[in-house]
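Dear colleague,

Please find below the structure that I am handing over to you, together with its sequence. My findings follow directly after it.

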Amino acid sequence: QVQLVESGGGSVQAGGSLRLSCAASGSISQFNSMGWYRQAPGKQRELVAAVTDGASVAMEGSAKGRFTASRDNAKNMVYLQMNSLKPEDPAVYYCAADWGAGGWGQGTQVTVSS
């Protein structure tokens, strides 16, 4: 496992964009998948986007078409580009390696004002 540290969260107006970053303490090239999850108060944690071997996959749901995950194996970094943010997007966003089996970050808060 590696330690993952997210950054880039904050407050943004609806319709705006944010880019989250996730820094890994070790090599992420060992992981087939790097993903981003979110958890809103009272809701289950859900996968919003993942990137495997350079191919970004957005999960079905409201994030599809708006959120894109990417990775830079040379820098051991993972990113989540979030566009057209909506009032239903606020949550704590987590970075995870190999669907969580490789480690979780501590999360970064995203809020959206209308």
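In this predicted model, strand β3, which spans residues 18-24, is largely enclosed by the rest of the structure, because five of its seven residues are buried. Strand β3 has pairing partners in β1 and β8. Strand β1 (residues 4-7) runs antiparallel to β3 and is joined to it by four bridges; within this pairing, Ser-7 has Ser-21 of β3 as its bridge partner. Strand β8 (residues 77-82) also runs antiparallel to β3, and here six bridges make the connection. In this second pairing, Cys-22 stands opposite Val-78 of β8.

Cys-22 also takes part in a covalent link. The count of disulfides comes to one, and it is formed by Cys-22 and Cys-95, with 2.2 Å between their sulfur atoms. The pair connects distant parts of the chain, since Cys-22 belongs to strand β3 and Cys-95 to strand β9, 73 residues apart. The link is left-handed, with -80° about the S-S bond. Both Cys-22 and Cys-95 are buried.

Two loop residues beside these strands deserve a description. The first to consider is Asn-76, which is found in the loop between β7 (67-72) and β8. Is Asn-76 buried or exposed? Its relative accessible area is 19%, and the cut-off for a buried residue is under 20%, so Asn-76 counts as buried. Leaving aside neighbours within four places in sequence, Asn-76 is in contact with Cys-22, Ala-23, Ala-24, Gly-26, Ser-27 and Ile-28.

The other is Ser-17, placed in the loop between β2 (10-13) and β3. Ser-17 is partly exposed, with a relative accessible area of 40%. If residues up to four places away in sequence are not counted, Ser-17 touches Val-12, Gln-81, Met-82, Asn-83, Ser-84 and Leu-85. With one of these, Asn-83, the contact is polar: side chain meets side chain at 3.0 Å. Ser-17 and Glu-46 are separated by 29 residues in sequence and by 20 Å in space, C-alpha to C-alpha.

I turn next to the nonpolar interior. The largest nonpolar core has 28 residues, and those with the most contacts inside it are Leu-4, Met-34, Trp-36, Phe-67, Leu-80, Met-82 and Tyr-93. At least two residues of this core are supplied by each of β3, β4 (33-39), β5 (46-52), β7, β8, β9 (91-97) and β11 (108-113). Met-34 may serve as an illustration. Apart from neighbours within four places in sequence, Met-34 is in contact with Leu-4, Ile-28, Ala-50, Val-51, Arg-71, Val-78, Cys-95, Ala-96 and Ala-97.

The last topic is that of charged pairs. Side chains of opposite charge can pair when their charged atoms come close. How many salt bridges does a search of the whole structure find? The search finds three.

- Arg-38 and Glu-46 meet through their side chains at 2.7 Å, N to O. Arg-38 is buried, with a relative accessible area of 7%, whereas Glu-46 is partly exposed at 37%.
- Asp-89 and Arg-38 form a salt bridge at 2.9 Å, N to O. This pair links distant parts of the chain, with Asp-89 in the loop between β8 and β9 and Arg-38 in strand β4, 51 residues apart. Asp-89 counts as buried, its relative accessibility being 0%.
- Arg-66 and Asp-89 form a salt bridge at 2.8 Å, N to O. Arg-66 lies in the loop between β6 (55-58) and β7, while Asp-89 lies in the loop between β8 and β9, so the pair ties together parts that are 23 residues apart in sequence. Both Arg-66 and Asp-89 are buried.

These salt bridges share partners, and in this way Arg-38, Glu-46, Arg-66 and Asp-89 are joined into one network.

For a first look at the model, I would suggest beginning with strand β3, given its antiparallel pairing with β1 and with β8, and then following the disulfide from Cys-22 to Cys-95.

With kind regards

How values were computed:
Residues are numbered from 1 along each chain as its sequence is written. This is a predicted model: local features need pLDDT of at least 70, side-chain atom pairs count only at pLDDT 80 or more; totals for chains, interfaces and linings use all residues. Side-chain values use heavy atoms; hydrogens and water are left out. Buried means under 20% relative accessible area, exposed over 50%, partly exposed in between (1.4 Å probe, protein chains only). Two strands pair if DSSP finds at least two bridges between them. Contact means heavy atoms within 4.5 Å. A nonpolar core is a set of buried Ala, Val, Leu, Ile, Met, Phe, Trp, Tyr and Cys residues joined through side-chain atoms within 4.5 Å. A polar contact is a pair of N or O atoms within 3.5 Å; within protein, one must be able to donate a hydrogen and the other to accept it, and residues adjacent in sequence count only if both atoms are side-chain atoms. A salt bridge is a side-chain nitrogen of Lys or Arg within 4 Å of a carboxyl oxygen of Asp or Glu. A disulfide is a pair of cysteine sulfur atoms within 2.5 Å.
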